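This report describes selected features of one protein chain. The sequence and structure are shown below.

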Amino acid sequence: MLFRSDKLLLVRCIREDRALLCVNEYIADAMGKPYVESRPLNLGNLTDEADKFTPMIFILTRGGDPTGAINELARKRKKKVASISMGQGQEPAARKLVTQGMMSGSWVLLQNCHLGLKMMVELEGTLINKKANEPEETHDEFRLWISAEPHPNFPVGLLHLSIKVTNEAPSGVKAGLKGSYAWITQDLMDAITGPSGPTWRTMLWGLCFMHTIVQERRKFGALGFCIPYEFNQADLSACTQFIQNHITEVDGKKRPVDWPTVNYMVCEVQYGGKITDAFDLRLFNTYGQAWLALRIMEPGFEFFKGYKVPTGTDIDIYRKYIETLSLVDNPEIFGLHSNADLVFRTAQTTAVLSTIQIGRASCRER
């Protein structure tokens, strides 16, 4: 009789590309589905958990820049965010922002702090001294955000003082759409009403779907894009704002949506501004012509079999539909052959198992 762990070893030997999928099923069966499904980061809860002496450190990952989300949260809470990117000669300006923030109760965002490690050591001492000797001089509403890439010399004391979080781009179409519709609010859904309301909500869904697909294509390496690009939340936010403005404008002139203009602004200007390879730009334009077109407004339209466009005005309809999607994506939804998925999953399994083996070897040496 084989135990579940023995079955995992058997799968690892016979079908290495399916090993991590079986691990996910094993974890879901043993601990529950929440442990294998992505959960969108809630910056509001994170801010409430922190206090004026507890910074929030974002470990930067590709496609996971938190700047846009922080600014959006600050706007909702009617707070000001003073931000600065660390680097050579930026320490005095950063020091001034932190001092002013502590006095006024504003938020301060220090970006790329792996380039200003001396300032981080100084900041650690400042927070400790303020908390111990002059706590009343720091405004209760003050919040400090820090973003940095992993660095071996980052001060450990500051890490102990802080709440650490990483916001990686979600893996899978379901997780990607879930993240996008955690950012989208009911107010945004209701930004355009009347006859153009269904067009706006459908285009918003199509944009989020395309954003998820192009982010996911990166995991296939050179088969996905010739050059990996850091498409992030800022790109989605900018395109959403443009489409909203465009629909409002053409609606006022009693004209239909100008799809070529939408395609140009989204694929050539916003996302395309980051693309340096001609074939990658051609690929992106193909997605735009397929999914940002009049055809998505047709009843029964599907991006791929099983991936429809939800209809309704309530955002919960869209979120509930996302929950019905599969955790495992068919590579054809990305326009790729099944062999691309085999190569990706084999490489992913090898990387995970190698990391585990290296970790075990390091523990034994210690």
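## Strand 5 and its partner

The model is predicted. Strand 5, which spans residues 163-166, has two faces: Ile163 and Val165 lie on the covered one, while Lys164 and Thr166 lie on the uncovered one.

Strand 5 pairs with strand 1 (residues 56-59) in the parallel sense, over four bridges. Within this pairing, Thr166 of strand 5 is the bridge partner of Ile59.

## The nonpolar cores

In soluble globular proteins, nonpolar side chains tend to be buried together. In this model, the largest nonpolar core has 51 residues, and those with the most contacts inside it are Tyr181, Trp205, Phe209, Met210 and Val266. The elements that give two or more residues to this core include helix 8 (173-183), helix 11 (233-252), helix 12 (259-270) and helix 15. Helix 10 gives the most, with ten residues.

Met210 illustrates the contacts of this core. Leaving aside residues up to four places away in sequence, Met210 touches Val266, Phe284, Tyr287, Gly288, Trp291 and Leu292. Apart from the largest core lies another core, of 21 residues, among them Ile84, Val108, Leu117 and Leu123.

## A nonpolar patch on the surface

Nonpolar residues also occur on the surface, where Leu223, Leu342 and Val343 form a patch. Together they have about 260 Å² of accessible area.

Leu342 is located in helix 15 (residues 338-365). Is Leu342 buried or exposed? Leu342 is partly exposed, because its relative accessible area of 38% falls between the cut-offs of 20% for buried and 50% for exposed.

Technical notes:
Residues are numbered from 1 along each chain as its sequence is written. This is a predicted model: local features need pLDDT of at least 70, side-chain atom pairs count only at pLDDT 80 or more; totals for chains, interfaces and linings use all residues. Side-chain values use heavy atoms; hydrogens and water are left out. Patches are made of residues with over 30% relative accessible area and no salt bridge: like charges are joined within 9 Å, nonpolar side chains (Val, Leu, Ile, Met, Phe, Trp, Tyr) within 5 Å. Accessible areas come from the Shrake-Rupley method with a 1.4 Å probe; for residues, only the protein chains shown count as cover. A salt bridge is a side-chain nitrogen of Lys or Arg within 4 Å of a carboxyl oxygen of Asp or Glu. Buried means under 20% relative accessible area, exposed over 50%, partly exposed in between (1.4 Å probe, protein chains only). Two strands pair if DSSP finds at least two bridges between them. A nonpolar core is a set of buried Ala, Val, Leu, Ile, Met, Phe, Trp, Tyr and Cys residues joined through side-chain atoms within 4.5 Å. Contact means heavy atoms within 4.5 Å.
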